[in-house]
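Please work through the following exercises with the sequence and the three-dimensional structure at hand. Each task is followed by a solution that proceeds step by step.

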Amino acid sequence: MSMGIAALLAGGLFVVPGARESAVYWADLALMVAAAIFPRRLAPALLQASRWSWLLAMIIGSAAFSLHFLLSGPANHVSIAVAAICAAFIGAGITRHLAVVDARLLAWGDGGLAEVTRDLLLGRITSGMLHDLAQPLNVISMANANMDYIIEHLTIDDESRQQLQERVKRIASHTEGAAGILSLFRWFGRDGSDGDGQLTVRSALERALAATKSNVRHHGVAVQLRGNALDHLVPEQHGALEMMAVAALLSAFGGFLGTDGMKLRGDVVLHAAVTPAHIVITVESTDGSGRPMPSRRIDEATLWLVEQVAQEASSDFRCLVRDRQPVRFVIRLGRDDI
């Protein structure tokens with residue numbers, strides 16, 4: 001649309017008398033061209049500026065508009081151009097705010113609104129279902145322990161006893177696995193307290209990996225944890241980090257399934273590093289040769305929600321895009337130990 005308006009304004013230079021001598025006309029044309037060539041992936045970051053920047057834009061825009069009536073010559077043209085830029089910045093921010101308030105304007109992705117709504121409601125009802133699942137799981141565990149006790153006291157040969165005990169151990173291992181999955185659901189996205197020494201970057205990433213490993217249906221994908229920040233304590237940001245890591249890993253794992261259904265091989269690398277002000281975690285995928293490979297796109301609704309969770313936790317979640325495909329996720333946690 002911006003390019004179309006710029007083309008109409010450019011055509012007006014040959015049709016409208018005096019347009020070539022109008023500085024305001026040239027300023028409008030330059031703004032439309034800039035809006036057309038401005039990278040769309042940078043727009044969300046620009047519109048998430050600090051609150052004081054909006055106030056500063058209002059003050060500068062009002063001052064420049066007032067100077068338009070007091071100055072003459074080139075300064076007059078510069079003042080109106082500055083006022084127009086500030087007004088465009090404020091208008092874009094208001095538009096984004098209205099789009100966020102009305103969630104129907106979000107781009108929901110290929111699955112549409114029904115798929116995102118289903119996932120959100122499924123998460124809401126899962127907490128209640130977990131309690132119902134825990135009860136039969138406890139009964140199975142107790143029954144299995146009783147069975148093991150009975151087998152030990154049966155008057156049977158050693159070979160039969162060993163076969164029965166192996167079956168009991170298999171039931172016990174599957175029961176423990178199911179209990180572990182229930183624990184992942186119960187504590188997903190929850191923070192700890194300052195005295196909790198177990199909630200580190202490593203534990204958050206490991207929980208995220210455990211929660212998403214079912215999305216990898218083959219053994220050709222390896223996961224690597226690297227960096228000097230894995231043992232850094234993040235009790236107040238543990239839940240937010242886990243949710244951000246899950247979103248990044250779901251996208252990364254999705255990239256190993258080709259459009260033709262063929263399963264690809266490669267690695268998912270999670271690197272955590274300490275900087276003077278942040279803990280920076282990157283998530284990226286590489287193919288069998290170690291070259292970067294694209295991940296599956298995150299729908300805009302989920303991406304926006306994860307970004308809001310990051311902001312609430314004094315953090316930042318970014319998706320770096322190349323050729324319209326995500327290639328790296330960057331999570332920055334504000335350090336609270338400085």
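**Exercise 1. Strand pairing around β3**

Determine how many bridges join β3 to strand β6, and in which direction the two run.

Solution. Step 1: helices (H or I, at least four residues) and strands (E, at least two) are DSSP runs, numbered from the N terminus, and two strands pair if DSSP finds at least two bridges between them. Step 2: seven bridges connect β3 with β6 (residues 325-334), and the two strands run antiparallel. Step 3: within this pairing, Ile279 of β3 is placed opposite Leu333 in β6.

The model under study is a predicted one, in which local features need pLDDT of at least 70 and side-chain atom pairs count only at pLDDT 80 or more, while totals for chains, interfaces and linings use all residues. Residues are numbered from 1 along each chain as its sequence is written, and side-chain values use heavy atoms, with hydrogens and water left out.

Identify what joins β3 to β2 and to β4.

Solution. Step 1: β2 and β3 are antiparallel and are joined by nine bridges; Gly266 stands opposite Asp287 in β3. Step 2: three residues separate β2 from β3, and the two strands form a hairpin. Step 3: two bridges join β3 to strand β4 (residues 292-293), again in an antiparallel arrangement, with Met293 in β4 as the bridge partner of Ser285. Step 4: β3 and β4 also form a hairpin, here with four residues between them, and Gly290 in the turn has a positive phi of about 85°.

Decide whether strand β3 is largely enclosed or open.

Solution. Step 1: buried means under 20% relative accessible area, exposed over 50%, and partly exposed in between (1.4 Å probe, protein chains only). Step 2: nine of the ten residues of β3 (residues 278-287) are buried, so the strand is largely enclosed by the rest of the structure.

**Exercise 2. Salt bridges**

State how many salt bridges a search of the whole structure finds, and examine examples.

Solution. Step 1: a salt bridge is a side-chain nitrogen of Lys or Arg within 4 Å of a carboxyl oxygen of Asp or Glu. Side chains of opposite charge can pair when their charged atoms come close. Step 2: the search of the whole structure yields six salt bridges. Step 3: one of them links Asp231 and Arg202, at 3.2 Å from N to O. Asp231 lies in the loop between β1 (221-226) and α9 (238-254), and Arg202 in helix α8 (residues 201-212), so the pair ties together parts that are 29 residues apart in sequence. Asp231 is exposed at 57% relative accessibility, whereas Arg202 is partly exposed at 29%.

Step 4: Asp287 forms a salt bridge with Arg291, and their closest N and O atoms are 3.3 Å apart. Asp287 is buried at 18% relative accessibility, while Arg291 is exposed at 53%. Step 5: Asp316 and Arg318 form a salt bridge whose closest N and O atoms are 3.2 Å apart; a network of salt bridges links Asp316, Arg318 and Arg332. Asp316 is buried, with a relative accessible area of 17%, and Arg318 is partly exposed, with 25%.

**Exercise 3. The faces of helix α1**

Find which residues of α1 are buried and how they are arranged about the axis.

Solution. Step 1: α1 (residues 2-15) has 14 residues and reaches 20 Å from its first C-alpha to its last, close to the 20 Å expected at 1.5 Å a residue; the expected span is 1.5 Å times one less than the number of residues. Step 2: the buried residues of α1 are Ala6, Leu9, Gly12 and Leu13. Seen down the axis of α1, they fall within an arc of 110°, so they line one face of the helix; the arc is that of the directions from the helix axis to the C-beta atoms. Step 3: the exposed residues Met3, Leu8, Phe14 and Val15 are carried on the face of α1 turned away from its buried side.

**Exercise 4. Confidence**

Establish where in the protein confidence is lowest and where it is highest.

Solution. Step 1: pLDDT is the predictor's confidence in each residue, from 0 to 100. Step 2: the protein has a mean pLDDT of 79, and 87% of its residues reach 70 or more. Step 3: confidence is lowest in helix α3 (residues 43-47), at a mean of 64, and highest in strand β2 (residues 266-274), at 91. Where pLDDT is low, the predicted coordinates should not be read in detail.
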